[in-house]
Amino acid sequence: MNWEAFLAPYVQVVEELKVKLKGMRAQFEYESEHSPIEFVTGRVKPVPSILEKALKKNIPMDKIEKEVQDIAGVRVVCQFVDDIYKIVQMLESRNDFKVVEVKDYIQEKKDSGYRSYHMIIEYPVETISGEKKIIAEIQIRTLAMNFWATNEHSLNYKYDGQIPVHVKARLKNAAEAAFKLDEEMSKIKDEVQEAQRVFYKNKSKNKNKH
């Protein structure tokens, strides 16, 4: 398989989604409003990881496009749990792609303690041979959830998916602590947002002076 040609449209999807999501963030800032989007990252899954996942899930090569849903992955990180659902609503109301599946690991956390909101979308890409619909995944999570998931990912990598029981238990406790932090921050959300509004207003006033 010519992997470079196969992955080219996925690269395009990630770049376009990043631009669109960052554009949404900027619009909130222009209006001096709290942006539910803190930052956006994206990546195309490396070929060895695609093959590893296909092997693990018994996916034949000709089904990879449809069944490996996170070859193109974009992550949206926000401050508050409420923000996650605001972003979900905004994405579901867009008409430049179609949401085909959602997995809410916030209401139904994974056994490991993992929390995040996953959206599987179908994104149309213009290629030289016409339009191609690409399956991509958007993950939406808070800063605390992201901190936890990043560390869990590193540990999974270190232990080749077999994290020792005592480390797993610690991780689970850490996941609960991270969620407790999210809950506490939600209680002072209005204060934080008011402070941010003042900050953005002053920032744009100073910009206009120059």
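Among contacts in the chain between residues at least 6 apart in sequence, what percentage join residues at least 24 apart? The share is 66%, and the tour below, through what is a predicted model, begins with the whole chain before turning to its parts.

With the whole chain selected, the C-alpha trace spans about 55 × 50 × 30 Å along its principal axes, and of the 210 residues 38% count as buried. If you show the surface, the accessible area comes to about 12700 Å², of which 53% belongs to carbon and sulfur atoms. Colouring by charge brings up 35 positive and 33 negative charges, whose mean positions lie 3 Å apart.

Switch next to a cartoon view, where the chain shows 7 helices and 5 strands, which follow one another from the N terminus as α-β-α-α-β-α-β-β-β-α-α-α.

Now select the strands: the 5 strands form an open sheet with mixed pairing, and their order across it is β1-β2-β5-β4-β3. At the edges you will find β1, residues 39-44, and β3, residues 98-104, each of which pairs on one side only. From one strand to the next, the twist averages 25°.

Stay with β3 and add β4, residues 117-127, to the selection: the two strands run antiparallel and are joined by 6 bridges. Within this pair, V102 can be picked out standing opposite M119 in β4.

Finally, select helix α4, residues 81-92, which lies across β2 (72-78), β3, β4 and β5 (130-142). If β5 is kept in view beside helix α4, the helix can be seen to run at about 165° to that strand.

Key:
Residues are numbered from 1 along each chain as its sequence is written. This is a predicted model: local features need pLDDT of at least 70, side-chain atom pairs count only at pLDDT 80 or more; totals for chains, interfaces and linings use all residues. Side-chain values use heavy atoms; hydrogens and water are left out. Helices (H or I, at least four residues) and strands (E, at least two) are DSSP runs, numbered from the N terminus. Buried means under 20% relative accessible area, exposed over 50%, partly exposed in between (1.4 Å probe, protein chains only). Contact means heavy atoms within 4.5 Å. Accessible areas come from the Shrake-Rupley method with a 1.4 Å probe; for residues, only the protein chains shown count as cover. Lys and Arg count as positive and Asp and Glu as negative; His and the chain ends are not counted. The place of a charge is taken as NZ of Lys, CZ of Arg, CG of Asp or CD of Glu. Two strands pair if DSSP finds at least two bridges between them. Axes are lines fitted to C-alpha atoms, for helices over the stretch in contact, and angles run from 0 to 180 degrees between N-to-C directions.
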